[in-house]
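Work through these exercises with the model open beside you. Try each task before you read its solution.

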Amino acid sequence: MDAWLRRQSPAALLVAGLGVIAGVGYVDVATGPELTPILGYLLPIVPVAWYAGTRPAAILAGAGALAALLAEVFAPGGHVHGLVLVWNAAMRLAELLLVAWLVARWRAADERARELERTDPLTGAVNVRALYGLAAVEIARARRYRHPFTVAFIDLDEFKVVNDRLGHGAGDAVLRTVARALSAVLRVSDVVARVGGDEFVVLLPETGTAPARLAIEKLRQAIAGIVPAHGWRLTASIGVATYLVPPESVDALVGIADQLMFVAKQNGKNAVNHETRNEAPALP
């Protein structure tokens with residue numbers, strides 16, 4: 001049910017909620033307002049506030065308060081009039097709006113907590129835990145549909161010098177800039193993750209050898225365009241593995257790119273070591 005509700009548009013949820021409000025209002029008029037508690041009007045407001053946000057829920061709150069007011073006016077034996085009628089309507093509206101606001105705030109806090117679990121607190125890039133989850137999904141998809149898959153392991157060269165000369169505050173600022181620069185030159189479907197102090201992993205789904213070379217060159221230029229306060233340009237050693245059929249495990253996927261990066265760094269840094277691999281057996 002949760003997945004289905006998440007797929008619905010706010011407009012669809014609002015229309016459904018208005019339908020429920022109308023039904024509750026009809027029962028309210030037919031039976032008398034004293035038999036229909038405020039809970040009946042809350043039933044559609046809570047899920048709409050959770051899945052669609054404050055504005056659609058506020059519209060439902062207004063509709064619920066109006067339906068309850070009409071029930072008091074038109075219900076058989078209705079006897080509430082004047083200021084009492086207005087007061088009751090105002091109180092119901094306040095109650096419904098408060099619940100809608102609280103539920104929407106709760107949802108926002110929940111979404112924020114989920115986002116923090118997935119992101120690196122310093123750079124805002126994907127963290128290791130989220131990387132493994134995303135990579136596992138992409139591996140399964142690539143193996144199923146026979147799509148190539150590229151992963152890059154990036155290690156900033158001489159980054160320790162930045163921390164030593166300018167301080168860790170400056171180093172942190174550089175890392176944030178690197179994460180933003182990498183994301184800016186990639187596709188929405190690509191993933192940038194920070195996996196260590198100055199190490200990043202980039203996932204490039206459905207990317208073969210030639211497109212991967214172009215993407216990695218963009219990454220190199222993005223890093224080279226970052227000039228810290230001391231005036232020198234950053235460089236990086238990058239290991240790139242393109243899999244025609246990805247390995248089954250994320251450890252293998254990332255580990256080979258890590259080994260290729262190490263070779264690039266050993267060979268003088270500021271280099272790319274790119275291999276295309278197809279050792280993993282294709283699924284029958």
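**Exercise 1: a residue in a loop**

V245 sits in the loop that links β4 (236-243) and α10 (250-266). Helices (H or I, at least four residues) and strands (E, at least two) are DSSP runs, numbered from the N terminus. This is a predicted model: local features need pLDDT of at least 70, side-chain atom pairs count only at pLDDT 80 or more, and totals for chains, interfaces and linings use all residues. Residues are numbered from 1 along each chain as its sequence is written, and side-chain values use heavy atoms, with hydrogens and water left out.

Task: Decide whether V245 counts as buried or exposed.

Solution.
- Step 1. Recall the classes: buried means under 20% relative accessible area, exposed over 50%, and partly exposed in between (1.4 Å probe, protein chains only).
- Step 2. Read the value for V245: 13% relative accessibility.
- Step 3. Conclude: V245 is buried, because its value is 13%.
- Step 4. Look for a residue far off in sequence: R144 is 101 residues from V245 along the chain, and their C-alpha atoms are separated by 9.4 Å.

**Exercise 2: positive phi**

Task: Find where R146 and E158 lie, and state what phi each has.

Solution.
- Step 1. Locate R146: the loop between α6 (128-145) and β1 (149-156) holds it.
- Step 2. Read its backbone angle: phi of R146 is positive, about 60°, although R146 is not a glycine.
- Step 3. Classify R146: its relative accessibility is 43%, so it is partly exposed.
- Step 4. Locate E158: this residue is in the loop between β1 and α7 (159-166).
- Step 5. Read its angle: phi of E158 is near 55°, a positive value in a residue other than glycine.
- Step 6. Classify E158: at 44% relative accessibility, it counts as partly exposed.

**Exercise 3: aromatic residues in helices**

Task: Place W87, W4 and Y26 in their helices, then classify each one.

Solution.
- Step 1. Take W87. It belongs to helix α5 (residues 82-118). Its relative accessible area is 55%, so W87 is exposed.
- Step 2. Take W4. Helix α1 (residues 2-7) contains it. With a relative accessible area of 44%, W4 is partly exposed.
- Step 3. Take Y26. It lies in helix α2 (residues 10-31). Y26 counts as exposed, at 64% relative accessibility.
- Step 4. Add the C-alpha separations. W87 and Q8 are 79 residues apart along the chain and separated by 36 Å. W4 and V73, 69 residues apart, are separated by 38 Å. Y26 and A67, 41 residues apart, are separated by 8.3 Å.

**Exercise 4: the whole chain**

Task: Explain why the chain is described as more spread out than a compact globule.

Solution.
- Step 1. Count the elements: the chain has 10 helices and 5 strands.
- Step 2. Apply the rule. The radius of gyration of the chain is 28 Å, well over the 19 Å that the globule rule gives for 284 residues, so the chain is more spread out than a compact globule. The radius is taken over C-alpha atoms, and the rule is 2.2 Å times the number of residues to the power 0.38.
- Step 3. Check the box: along the principal axes, the C-alpha atoms fill roughly 90 × 55 × 25 Å.
- Step 4. Look at the domains, whose bounds come from an automatic or database domain assignment. Domain 1 is 1-116 and domain 2 is 128-277. Their C-alpha centres lie 49 Å apart.
- Step 5. Add the burial total: 42% of the 284 residues are buried.
- Step 6. Turn to contacts (heavy atoms within 4.5 Å). Among those between residues at least 6 apart in sequence, 70% join residues at least 24 apart.
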